[in-house]
Amino acid sequence: MRKVFTLLICLLCFGYAKSMVVLDPASIEILYMIGAEDEILAIPSMKNIEPVERTSKLETIGTYTRPNLEKILSLKPKIVILTSYSIGLKEQLKAYNIETKMLPVETLQDIYKNILTLGELTHREQKAQAVAKEFMQKIEQLKANPIKKNGIFLYSATPLMAFGGDTLPSDVLQTIGITNIAAHAIGKQPIINPEFLVAKDPDVILYGLQISSKDELLRANPAFQYLKAMKQDHVYFLELHTLLRGSPSIIDQIVRIKKDLEEAMR
């Protein structure tokens with residue numbers, strides 16, 4: 001009788017399982033965090049998805065911008081987690097009755113919601129709730145002692161472009177107590193007039209993505225040498241590919257950013 005009962009439990013658990021193709025790197029990392037990695041059939045061919053030593057061994061289905069549809073279909077997934085780059089893929093998979101899900105991230109709160117969503121999809125609700133709770137607790141700790149400065153998050157020197165409001169980088173600034181001076185610019189990634197930046201004279205400048213060094217920024221905009229942030233050397237490079245991913249691991253980079261800023265401003 002005990003063996004029969006155990007077999008029924010196993011069958012029920014198997015029936016709940018969703019076989020996933022996961023194109024979204026953040027979702028892959030979340031699935032590992034909540035102990036649902038066994039749901040993953042395949043992922044994009046990327047080198048830096050954590051935990052690298054384990055994700056590097058997973059089957060791949062092309063890149064996340066150009067996944068191989070035939071390969072996905074051959075795996076017979078029950079659900080495919082898409083990204084904003086998965087243009088047209090949702091409609092293609094719908095024709096084969098394959099469920100899709102997209103988990104966009106524009107705020108840290110979205111990451112919290114996505115953890116819970118993936119927990120529900122994989123029936124790992126309890127673990128997901130624990131991971132989500134810890135994530136939000138760390139955010140509240142960051143908010144408890146705000147830096148109280150103004151700044152900007154630049155990602156292109158020519159043209160000069162920044163992250164506007166309603167974006168994840170802007171929410172990161174707000175979380176650590178930096179007012180984003182580009183928050184009210186039109187668009188999420190607006191072109192910034194250099195004169196605007198000179199007039200606002202930010203306390204802090206963060207840069208990355210298409211800007212590799214402070215010198216590159218100064219070559220494109222020589223007048224920036226007179227900015228308060230430049231003169232006080234409060235200009236910081238960030239690995240934006242990781243920051244923009246929208247994984248809970250983002251919290252470690254935010255903690256480091258805040259610590260570096262606090263030490264530099266003492």
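Two rings of Phe, Tyr or Trp count as a pair here if their centres lie within 6.5 Å. Keep in mind that the model shown in these views is predicted.

**View 1. A small chain of ring pairs brings Phe 153, Tyr 155 and Phe 163 into a cluster.** The whole structure holds 4 aromatic pairs. One of them joins Tyr 155 and Phe 163, with 4.8 Å from centre to centre and 35° between the planes, which makes it a tilted pair. Both partners are tucked away: Tyr 155 has 5% relative accessibility, so it counts as buried, and Phe 163, at 3%, counts as buried too.

**View 2. Helix α6 (residues 108-122) packs against helix α7 (residues 125-144), with axes that come within 7 Å.** The two axes cross at roughly 170°, and that makes α6 roughly antiparallel to α7. On the α6 side, look for residues including Leu 108, Ile 111, Tyr 112, Ile 115 and Leu 116. They sit in a contact whose α7 side includes Ala 128, Val 131, Ala 132, Phe 135, Met 136 and Ile 139. Sorted by class, the contact of α6 with α7 has 11 nonpolar, 3 polar and 3 charged residues.

**View 3. Helix α8 (residues 168-175) is largely enclosed by the rest of the structure.** Why say enclosed? Because 7 of the 8 residues of α8 are buried. Those buried residues are Leu 168, Pro 169, Ser 170, Asp 171, Val 172, Leu 173 and Thr 175. What comes just after α8? There you'll find Gly 177, which takes a positive phi of about 90°.

Definitions and conventions
Residues numbered from 1 in each chain as written. Predicted model: local features only at pLDDT ≥ 70, side-chain atom pairs only at ≥ 80, totals over all residues. Heavy atoms only, no water. Phe/Tyr/Trp six-rings, centres within 6.5 Å; stacked < 30°, edge-to-face > 60°. Buried < 20%, exposed > 50% of the residue type's maximum accessible area, 1.4 Å probe, protein only. Axes fitted to C-alpha atoms, helices over the stretch in contact; angles between N-to-C directions. Helix = DSSP H or I, 4+ residues; strand = E, 2+ residues; numbered from the N terminus. Parallel < 35°, antiparallel > 145°, perpendicular 65-115°, else oblique. Contact = heavy atoms within 4.5 Å. Nonpolar A, V, L, I, M, F, W, Y, C, P; charged D, E, K, R; others polar.
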